[in-house]
Amino acid sequence: MAVPPLKASSFLQFHAIRPLIFSISILLTLITILEALEVGGNGENGIFKEILRDEAVFRLKELGKVSDREGYLERTFLSPASLRAADLIISWMQDAGLRTWVDQMGNIHGRTEAITTSSKALIIGSHMDTVVDAGMYDGLLGIISAISAVKALKISKKLEKLQRPVEVIAFSDEEGIRFQSTFLGSAAIAGTLARSILQVSDKSGFTLQDVLKENSVEATEEILSKVKYNSESVWGYVEVHIEQGPVLETLDYPLGIVKGIAGQTRLKVMVSGTQGHAGTVPMLLRQDPMVASAELIVTLESLCKYPDKFLTIGEGSGILQKESFSGLVCTVGELSCWPSASNVIPGQVNFTVDIRAMDDKARAAIVSEFSKQISERCDNRLVNCSIEHKHSAEATHCDKDLTSQLKHAADSAIRKLSTHDLGDMPVLMSGAGHDAMAMSKLTKIGMLFVRCRGGISHSPDEFVMKDDVWAAGLALVHFLEQHVVE
Ligand SMILES: NC(=O)NC(NC(N)=O)C(=O)[O-]
Ligand SMILES: [Mn+2]
Ligand SMILES: [Mn+2]
């Protein structure tokens, strides 16, 4: 449809108010320049409020709306929403002056080179996938803060003075929701993916190879090996992540240093019995997998609450000490049954098990004891039980030197933004897993935690105050500036 030409009257009106329009546009330009100066902050006000806080929060909210589901946030490995989110992340990486590409495992890379090409790269990243009914900060805060920090360096003309390449990576799958085999993206880069991973299938029966093929990646072991980075080309890995716990809020501190990450085991327990009529099979003749599963789940809870009731714990060589079980947590997050009808004794019940501990030997002892309990209790109930080991990651310790550099940067960021002395920065262990666990197989790692309200995570109630988003971004700016040659 042709656009009707301006009518004479409105054209004249336009001319009458033209001086006003001109002065408004001058004023707006001035404001933008002043904001850019404020944002650029080359002087003492190098705090980049508009970029590290306002724009970062805006982008987090934007990504928080990109979901595969109506009404709640879910964005799993290479799903349609993940592809839409990738477009946004790529555009923001390019806005920050980064060269971007997507690798064969769906990881998004944004890289800027150094003044000396031979240097080893500093990688900063986190994951772009989410759990089901997720919060908008888990994973994404680490990606957005990294991009914003690079943008701040670009504005302050320091990006071209880096002594080492800096690469931001948005990993495609950390939560492992789709294939129950977490760290798909970061493990591919670290080169630790199991060969069999391509044949793992999701709930719809699609294998990882099918899903990659659907995204025009002919995934073979040989092609996946191209995703792997050479450890000689990487200086270190840093990840900013929400704490997902209450410690920083309790201590009223915006940031915290991560000392290490708990090891984790994921199992799938399959219980099969005799399917039957709810009204006619006498209780004593039932081989009911639902009740067997209930008993196993309650047993798992007792084992993880009171391990000393099941295991020999205490003094003496070869005996696990009580403190080895610190941070021990066990969760059954998924349960499915067949045929799932109210008047049918199920024939099959499957449930997931997530076991974590700071000490790998303690975790192994719990896994072994639970396997024993499963075998005994299923025999007693005349049901068949089997266990599939889906995932295991060792407890991981952060590199001391990298961590102290990261702490120094975070301390200086907090001093810039806080009106009073907050005291020493808290040092925490992480019960949650992170891509840093996978990346620790490739290079040294450091992690920075950000306070989140109530310690809530894996929930739509997950929340980070915008000034804490700001502090996280500024900490990364100060950390990157440690790698700038003045
Ligand atoms: N930061 C996380 O939420 N990570 C989650 N994902 C893995 N892989 O651990 C988890 O369950 O802890
Ligand atoms: Mn998570
Ligand atoms: Mn996470």
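User: How many disulfides does the structure hold?
Analyst: Two. Keep in mind that this is a predicted model.

User: OK, which cysteine is joined to Cys304?
Analyst: Cys330 is the partner. The S to S distance is 1.8 Å.

User: Where in the chain do Cys304 and Cys330 sit?
Analyst: Cys304 is in helix 10, which covers residues 289-305. Cys330 is in strand 9, residues 329-331. The two are 26 residues apart, and the pair links distant parts of the chain.

User: Is that link left-handed or right-handed?
Analyst: Left-handed. The angle about the S-S bond is -75° for Cys304 and Cys330.

User: And is Cys304 buried or exposed?
Analyst: Cys304 is buried, because its relative accessible area of 12% falls under the 20% limit. Cys330 has 22% relative accessibility, so Cys330 counts as partly exposed.

User: What about the other bond? Which cysteine does Cys378 form a disulfide with?
Analyst: With Cys385. Their sulfur atoms are 1.8 Å apart. This link is left-handed, with -80° about the S-S bond.

User: How does Cys378 count, buried or exposed?
Analyst: Buried, at 1% relative accessibility. Its partner Cys385 is partly exposed, at 26%.

User: What pattern do the disulfides follow?
Analyst: The pattern is 1-2, 3-4, counting bonded cysteines along the chain. Cys398 is in no disulfide.

User: Why is there no bond between Cys452 and Cys398?
Analyst: Distance. The closest cysteine sulfur to that of Cys452 is in Cys398, and it is 17 Å away, so it is too far for a bond. A disulfide needs the sulfur atoms within 2.5 Å.

User: How buried is Cys452?
Analyst: Cys452 has a relative accessible area of 1%, so it is buried. Cys398 also counts as buried, at 10%.

User: New topic: the metal. Which residues are the protein donors of the manganese ion, ligand 3?
Analyst: His127, Asp138 and His241. The histidines each use NE2, and Asp138 uses OD. The donors lie 2.1 to 2.2 Å from the ion.

User: How are those donor residues spaced in sequence?
Analyst: As H-x10-D-x102-H for the manganese ion (ligand 3).

User: So what parts of the chain do Asp138 and His241 tie together?
Analyst: Asp138 lies in the loop between strand 3 (121-127) and helix 5 (140-155). His241 is in strand 5, residues 234-242. The pair therefore ties together parts that are 103 residues apart in sequence.

User: Are Asp138 and His241 buried or exposed?
Analyst: Both are buried.

User: How far is ligand 3 from the manganese ion that is ligand 2?
Analyst: The two manganese ions are 3.5 Å apart. Asp138 coordinates both.

User: Now the surface. Which residues make the nonpolar patch?
Analyst: Met290, Val291 and Leu335. The patch is about 220 Å².

User: Where does Met290 lie?
Analyst: In helix 10. That helix also holds Cys304. Met290 counts as partly exposed, at 30% relative accessibility.

User: Last one. Where is Asp467?
Analyst: In helix 14, residues 466-481. Asp467 is partly exposed, with a relative accessible area of 42%.

User: And how far apart are the C-alpha atoms of Asp467 and Glu70?
Analyst: They are separated by 30 Å. Along the chain, Asp467 and Glu70 are 397 residues apart.

Conventions. Residues numbered from 1 in each chain as written. Chains lettered and ligands numbered in written order. Predicted model: local features only at pLDDT ≥ 70, side-chain atom pairs only at ≥ 80, totals over all residues. Heavy atoms only, no water. Donors = N, O, S within 2.8 Å, 3.2 Å for Na, K, Ca; no water. Helix = DSSP H or I, 4+ residues; strand = E, 2+ residues; numbered from the N terminus. Buried < 20%, exposed > 50% of the residue type's maximum accessible area, 1.4 Å probe, protein only. Patch = residues over 30% accessible without salt bridge, like charges linked within 9 Å, V, L, I, M, F, W, Y side chains within 5 Å. Areas by Shrake-Rupley, 256 points an atom, 1.4 Å probe, with all protein chains shown as cover. Salt bridge = Lys/Arg side-chain N within 4 Å of Asp/Glu carboxyl O.
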